[in-house]
Amino acid sequence: MARALWRKSRLVGKVERYILDKIKEKRAIHMTLIDPQKTGGSDCAVIAEEAATAGSSAIMVGGSTLASKSDLDEAVKDIKSRVEVPVILFPNDVAGVSRHADAIWFMSLLNSRNTYYVIDAQALSAYTIKSYGLETLPLGYIIIGDGGTVGFIGQARGIPYDRPELAMAYSLAAQTLGMRFVYLEAGSGAKAPIPLDMIKLVRSQLTVPLIIGGGIREGAAARAAVEAGADIIVTGNLVEETKGVRESINDIISNIEDGR
Ligand code: 1GP
């Protein structure tokens, strides 16, 4: 199935071009999410390096309850010194911005009942992000189910797992508003990942890349999500400890990327 995964535009920066090219080349890619609040000190950089060596296409840095900008800055700098792949911020709030990253998911939590997470935090941080020269990746972020911590903090009206048509409606709205990525989020550590029929329905209507995360713990689940239509698989919990990072990530990547 031909998918219009990218468009030529002055707005598309280096990291976005890299992501789109990688998806085109590999069919689907993996990103490792590191939360500096959960993974303290130098472990962030160790895990990032292992993950990148195992084939993660980017390192995302952020967490739902992250509050210390200096901890974030340190973690991003450490990670940047150890990996070649892009380091992309995954902000929970204005505290999730660091000048040291390569890019930021400039994201709106579309199904929050609080406008702070839909547009106000973005308005508060847009000028700072621009002045840092950070590349912005416009992202519609949609919580499915209760969403765990991010669902609670983000005051989400989570879309029920058995309502794929609602996920499709919000995803299509995101794309129509000009967002260039859509992320269906089950929440970190979710008991069940995003349902496959939901991914399929969203994919059938969406042309921008579709990101799936939350509760993916092994290759088979990642493969099923990609076969249903995911372009990017995000895992976090899988590698919160420094042990066994390569094996875990290899299992995901060998199941989703072509030619591996
Ligand atoms: C959370 O979707 C990500 O924002 C990753 O979830 O920690 O369950 O892999 P896990």
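Which residues lie nearest the centre of the largest pocket? In this predicted model, they are G63, S64, F90, Y141 and V150.

## The largest pocket

The lining of the largest pocket is made up of 46 residues, and the space inside comes to about 700 Å³. Several elements each give two or more residues to this lining: the strands β1 (29–34), β4, β6 (181–185) and β8 (232–235), together with the helices α4 and α5 (148–153).

Sorted by class, 22 of the lining residues are nonpolar and 18 are polar. The remaining class, charged, has six.

## Strand β4 and its neighbours

Strand β4 covers residues 103–109. Six of its seven residues are buried, so the strand is largely enclosed by the rest of the structure. A residue is called buried here when its relative accessible area is under 20%.

β4 pairs with two strands, β3 and β5. With β3 (residues 87–89) the pairing is parallel and runs over two bridges; I88 stands opposite A103 of β4. With β5 (residues 135–143) the pairing is again parallel, over seven bridges. L109 of β4 has Y141 of β5 as its bridge partner. Y141 is also one of the residues that lie nearest the centre of the largest pocket.

## The β4-α4-β5 unit

What is the handedness of the unit made by β4, α4 and β5? These elements form a right-handed β-α-β unit, in which the helix, α4, spans residues 115–132. The two strands of the unit, β4 and β5, are the ones that pair in the parallel sense over seven bridges. Both β4 and α4 are among the elements that contribute two or more residues to the lining of the largest pocket.

## Positive phi outside glycine

R27 is not a glycine, yet its phi is positive, near 80°. R27 sits in the loop that runs between α1 (14–26) and β1. Is this residue buried or exposed? R27 is partly exposed, as its relative accessible area is 32%.

Q155 likewise has a positive phi without being a glycine, here about 50°. Its place is the loop between α5 and α6 (164–176). The relative accessible area of Q155 is 33%, so Q155 counts as partly exposed. Partly exposed refers to values between the cut-offs of 20% and 50%.

The loops that hold these two residues each adjoin an element with two or more residues in the pocket lining: β1 in the case of R27, and α5 in the case of Q155.

Definitions and conventions
Residues numbered from 1 in each chain as written. Predicted model: local features only at pLDDT ≥ 70, side-chain atom pairs only at ≥ 80, totals over all residues. Heavy atoms only, no water. Buried < 20%, exposed > 50% of the residue type's maximum accessible area, 1.4 Å probe, protein only. Helix = DSSP H or I, 4+ residues; strand = E, 2+ residues; numbered from the N terminus. Pairing = 2+ DSSP bridges. Right-handed = clockwise from strand over helix to strand, strands pointing away. 1 Å grid on protein atoms, 1.4 Å probe; cavity = no way out; pocket = protein on both sides within 12 Å on 5 of 7 lines; lining within 4 Å. Points joined across faces, edges and corners; volume = space filled by probe spheres on them. Nonpolar A, V, L, I, M, F, W, Y, C, P; charged D, E, K, R; others polar.
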